[in-house]
Amino acid sequence: MKKLLLIALVFTFSFNVNAQNAPQPSPFSKLEQKVGLTDVILEYSRPGVKGRTIFGGLVPYGKVWRTGANARTKITFSTDVTVNEKTLKAGTYSVFTIPNAESWEVVFYNDGKKSGTPKKLNADHVAAKITVKSSSIPFNVETFTLDINNLRDDGATLDFIWEKTYLAVPFSVPTKG
């Protein structure tokens with residue numbers, strides 16, 4: 001009986017150790033980029049298409065999306081930046097989006113300590129909101145990707161790329177310290 005119990009414990013322990021080392025379906029990603037004099041850090045999880053219809057399907061049009069998987073997507077700026085003529089103070093923001101067929105609303109939300117997607121965005125926590133035209137791309141991007149591109153001394157774009165959709169959110173940064 002003791003041997004049987006010992007064998008059961010060894011198998012259980014082995015299974016738990018192996019389960020903890022399994023790849024995550026939506027792996028975490030962290031991107032750090034210097035834009036002018038500003039350090040920008042993106043932290044998000046990267047779900048895959050996996051044969052699904054993403055926009056208008058898994059991610060419904062007209063509804064708040066946490067923009068990635070697992071925890072809220074976060075962006076951190078080391079200096080004040082400007083998005084859509086609105087100043088975002090240096091700090092960390094959650095990034096929510098409301099995808100639609102031809103444009104998206106991108107929301108920088110200053111309630112980053114909570115998790116999940118709010119049922120309704122609280123206007124008091126909306127630090128900046130911008131509507132951006134989305135573009136169709138001629139190939140499929142399997143894994144959700146956020147990137148910082150079009151680097152200039154005074155700004156860049158925050159790019160969203162997934163499935164066959166691309167959009168860019170321009171932001172500007174200070175050029176004097």
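## The nonpolar core

Which residues have the most contacts inside the largest nonpolar core? They are Ile75, Leu88, Phe108, Phe160, Val169 and Phe171, and the core as a whole has 34 residues. Keep in mind as you look around that this is a predicted model. Several strands build the core: β2, β3, β4, β6 (91–99), β7, β8, β9 and β10 each give two or more residues to it. The largest share, seven residues, comes from β10. A general idea helps here: in soluble globular proteins, nonpolar side chains tend to be buried together.

Ile75 is a good residue to click on. Leaving aside neighbours within four places in sequence, Ile75 is in contact with Val40, Ile41, Leu42, Gly91, Thr92, Tyr93, Val95, Phe108 and Leu158. One of these partners, Phe108, is also on the list of core residues with the most contacts.

## Strand β10 and its partner β9

Strand β10 covers residues 155–172, and 14 of its 18 residues are buried, so the strand is largely enclosed by the rest of the structure. Its pairing partner is strand β9 (residues 135–152), and the two run antiparallel with nine bridges between them. A hairpin with two residues links β9 to β10. To find one bridge for yourself, look for Ser136, whose partner in β10 is Thr165.

## From β1 to β3

Now turn to the strands that start with β1. Strand β1 (residues 28–35) and strand β2 (residues 38–45) are antiparallel and joined by eight bridges. Within this pair, Leu31 stands opposite Leu42 of β2. The hairpin of β1 and β2 has two residues between the strands, and Gly36 in this hairpin has a positive phi near 60 degrees.

Strand β2 has another partner as well: it pairs with strand β3 (residues 74–77) in the antiparallel sense, over four bridges. Here Val40 stands opposite Phe77 in β3. While tracing these strands, you can use a handy rule: in a regular strand the side chains alternate between the two faces of the sheet.

## Pairs of opposite charge

How many salt bridges does the count come to? The count comes to five, and three of them are described here. The background is simple: side chains of opposite charge can pair when their charged atoms come close.

Lys30 and Glu32 form a salt bridge with an N to O distance of 3.9 Å. Lys30 counts as partly exposed because its relative accessibility is 47%, whereas Glu32, at 55%, is exposed. Another salt bridge joins Asp80 to Lys89, at 3.6 Å from N to O. Asp80 is partly exposed at 33% relative accessibility, while Lys89 is exposed at 53%.

Lys129 and Glu105 also form a salt bridge, with their closest N and O atoms 3.0 Å apart. This pair links distant parts of the chain, since Lys129 is in strand β8 (residues 126–133) and Glu105 is in strand β7 (residues 103–109), 24 residues away. Both ends are partly exposed: Lys129 has a relative accessible area of 43%, and Glu105 has 22%.

## Two backbone angles to check

Most residues other than glycine have a negative phi, and most peptide bonds are trans. With that in mind, look at Asn84, which is not a glycine and yet has a positive phi of about 55 degrees. Asn84 sits in the loop between β4 (81–83) and β5 (86–88). With a relative accessible area of 47%, Asn84 is partly exposed.

Glu163 is not a glycine either, and its phi is positive too, at about 55 degrees. Where is Glu163 found? Glu163 belongs to strand β10. Is Glu163 buried or exposed? Its relative accessible area is 15%, and buried means under 20%, so Glu163 is buried.

## A loop between β7 and β8

A last stop is Asn122, in the loop between β7 and β8. Asn122 is partly exposed, with a relative accessible area of 32%. In sequence, Asn122 and Tyr109 are 13 residues apart, and in space their C-alpha atoms are 8.9 Å apart.

Notes. Residues are numbered from 1 along each chain as its sequence is written. This is a predicted model: local features need pLDDT of at least 70, side-chain atom pairs count only at pLDDT 80 or more; totals for chains, interfaces and linings use all residues. Side-chain values use heavy atoms; hydrogens and water are left out. Buried means under 20% relative accessible area, exposed over 50%, partly exposed in between (1.4 Å probe, protein chains only). Two strands pair if DSSP finds at least two bridges between them. A salt bridge is a side-chain nitrogen of Lys or Arg within 4 Å of a carboxyl oxygen of Asp or Glu. A nonpolar core is a set of buried Ala, Val, Leu, Ile, Met, Phe, Trp, Tyr and Cys residues joined through side-chain atoms within 4.5 Å. Contact means heavy atoms within 4.5 Å.
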